[in-house]
Amino acid sequence: MAAAHLRALEIEVFNPQLRVRRAARGGTSWRTEPLFPNYLFARFELPIRFRRVRYAMGVSDLVNFGGVWAVIPDREIDELKTTWGEAELTGGLFHGMSAVVICLLPARQRVKVLMDFLGGLKETEVEVSSLLPAPNHPLAL
């Protein structure tokens, strides 16, 4: 809802979405969910549009740390847009991103990976079946 209202105010919004399989009463179903639940990226001039953005319908607050407003560098947003596309929808979490496998978790068919994401190295777990080897890797098909 917030994204739609901000767009109506002619604010540039980026709200990446992903398709995930969720358990449902009749089995599993595919749903579209935000990549960052309860957050979206908006580009605007803070001093000029602050009140309009802050009090737009659906907006709870602007992210800040001790009164300092969070700013994501354009290159980070551009990288997200390149990965997820302008349509803001991807096939799955971390689709198209590069990562290094740092730990195998065979009992759960998962691996721990390290990736450069939003300006820092992040560690996360993903399903083995969702990974593709690097094209120039000796084990790549």
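User: Does Glu-76 count as buried or exposed?
Analyst: First, a caveat: this is a predicted model, where local features need pLDDT of at least 70, side-chain atom pairs count only at pLDDT 80 or more, and totals for chains, interfaces and linings use all residues. Residues are numbered from 1 along each chain as its sequence is written, and side-chain values use heavy atoms, leaving out hydrogens and water. Relative accessible area decides the label: under 20% is buried, over 50% exposed, and in between partly exposed (1.4 Å probe, protein chains only). Glu-76 comes in at 7% relative accessibility, so Glu-76 counts as buried.

User: Which residue forms a salt bridge with Glu-76?
Analyst: A salt bridge here needs a side-chain nitrogen of Lys or Arg within 4 Å of a carboxyl oxygen of Asp or Glu. The partner of Glu-76 is exposed, with a relative accessible area of 58%. With the closest N and O atoms 2.6 Å apart, Glu-76 forms its salt bridge with Arg-75.

User: In what order do the elements of the protein run?
Analyst: Helices (H or I, at least four residues) and strands (E, at least two) are DSSP runs, numbered from the N terminus. The protein has 3 helices and 10 strands. Reading from the N terminus, the order is α-β-β-β-β-α-β-β-α-β-β-β-β.

User: How many residues apart are Glu-12 and Lys-81?
Analyst: These two form a salt bridge, with 3.0 Å between the closest N and O atoms. The pair ties together distant parts of the chain, as Glu-12 sits in strand β1 and Lys-81 in helix α3. Glu-12 is partly exposed at 34% relative accessibility, while Lys-81 is buried at 14%. Along the chain, the separation is 69 residues.

User: Which residues are linked in a network of salt bridges?
Analyst: By the rule used here, the count comes to 5 salt bridges. One of them, between Asp-61 and Arg-54, has its closest N and O atoms 3.1 Å apart. The network links Glu-12, Arg-43, Asp-74 and Lys-81.

User: Why is the pair of Phe-14 and Phe-41 stacked, and what is the angle of its planes?
Analyst: The structure holds 3 aromatic pairs, meaning rings of Phe, Tyr and Trp (its six-membered ring) with centres within 6.5 Å. Planes under 30 degrees apart count as stacked, over 60 as edge-to-face and the rest as tilted. The centres of the Phe-14 and Phe-41 rings are 6.3 Å apart, and the pair is stacked because the planes are at 25°.

User: Which strands hold Phe-14 and Phe-41?
Analyst: Phe-14 is buried, with a relative accessible area of 3%, and Phe-41 is buried too, at 16%. Ring pairs also link both of them with Phe-36 into a cluster. The stacked pair spans 27 residues of chain, with Phe-14 in strand β1 and Phe-41 in strand β4.

User: What is the angle between the planes of Phe-50 and Trp-69?
Analyst: This aromatic pair is tilted, at 5.3 Å centre to centre. Phe-50 belongs to helix α2 and Trp-69 to strand β6, 19 residues apart. Both are partly exposed, Phe-50 at 22% and Trp-69 at 30%. The angle between the planes is 50°.

User: Is Phe-65 buried or exposed?
Analyst: You'll find Phe-65 in strand β5, residues 64-65. Its relative accessibility is 60%, so Phe-65 counts as exposed.
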